[in-house]
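Here are my notes on the model you sent round. Have it open while you read.

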Amino acid sequence: MTIDPHLVSAFAPTGRLRASINLGNPILANKDPATGLPRGVSVDLARGFAARLGVELELVVFDAAGKSVEAVADERADIGFFAIDLQRGVHIAFTAAYVLIEGSYLVREDSPIRSNDEVDREGRLVVVGKGSAYDLFLSRELRHAHIVRSQTSPTVVDTFVVQRADVAAGVRQQLEADAARLGGLRLLDGRFMVIQQAMGTPRSRGDEAAAFLSAYVEEMKASGFVAAALARHGIEGASVAPPVDRAAIDPAARAI
């Protein structure tokens, strides 16, 4: 496939494709214990996209979603992997989702909270990762509970324990791992949100670039690439997103 040189320049103005990778979400990426290098479905997608453009890949790695988003919004990175959100969509053009992830709540074993609809009560403290999709969503949705922000998503449960908060919110798989690690904790049944994880690029790169990235994601879903990556990295609890009309999920398009 021959790619228009202007399109390649739009994605890689420095001559390399800078991909913002968030290690704060273990479903998307984490460190290889053997090499210490980032690995995961987002890394695989970034590598495949760089190959498609015919440029070298540079991974720009962060420990939190908010930092990863800022890197793309500020154009310190050319693409990134984020949960679709209206606020983020002001500066970032999203593709359709490639993976769907459940957001869940965790409480102490002896907590009186038994269901998701009991979380939003006066005086309750809910811990989220600063700048994460859960932070953005719950900041809009919770009317009575108070939000406490941990520095990163992987530190949410530790912050929850130290501050003796009432609820921890985050990726279900991360919460399950922390519950097993610490003991005396339990997850509430069900989910409070479904997170649409998408690729994104700065809006300043133009509509043609955004459409090209969207087409790439749809191809990777349809070909089985995303499903194979999830299986290869041993990811459970996440599913490949179905084909979606981009206009139906683009936050900025909805905001206009």
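Which residues in helix 2 meet which residues in helix 7?

1. On the helix 2 side they are Leu45, Gly48, Phe49, Arg52 and Leu53, and they meet Phe212, Leu213, Tyr216, Glu219 and Met220 in helix 7. Contact here means heavy atoms within 4.5 Å. Helices are DSSP runs of H or I with at least four residues, and strands are E runs of at least two, numbered from the N terminus.

2. A word on the source: this is a predicted model, where local features need pLDDT of at least 70 and side-chain atom pairs 80 or more, while totals for chains, interfaces and linings use all residues. Residues are numbered from 1 along each chain, and side-chain values use heavy atoms, without hydrogens and water.

3. Back to that pair: helix 2 and helix 7 (residues 207-222) pack at about 120 degrees, with axes 11 Å apart. They are therefore oblique to each other (neither under 35, over 145, nor 65 to 115 degrees).

4. Helix 2 (residues 41-53) also gives the largest share, seven residues, of the largest nonpolar core. That core has 58 residues, and Phe11 and Tyr98 touch the most other members. A core joins buried Ala, Val, Leu, Ile, Met, Phe, Trp, Tyr and Cys through side-chain atoms within 4.5 Å. Another core, of 13 residues, lies apart from it and includes Val60 and Phe94.

5. Have a look at Arg172 in helix 6 (residues 172-182). At 18% relative accessibility, Arg172 counts as buried (under 20%; exposed is over 50%, partly exposed in between, with a 1.4 Å probe and protein chains only). Beyond four places in sequence, Arg172 is in contact with Glu102, Ser104, Leu187, Leu188 and Gly190.

Terms used: Axes fitted to C-alpha atoms, helices over the stretch in contact; angles between N-to-C directions.
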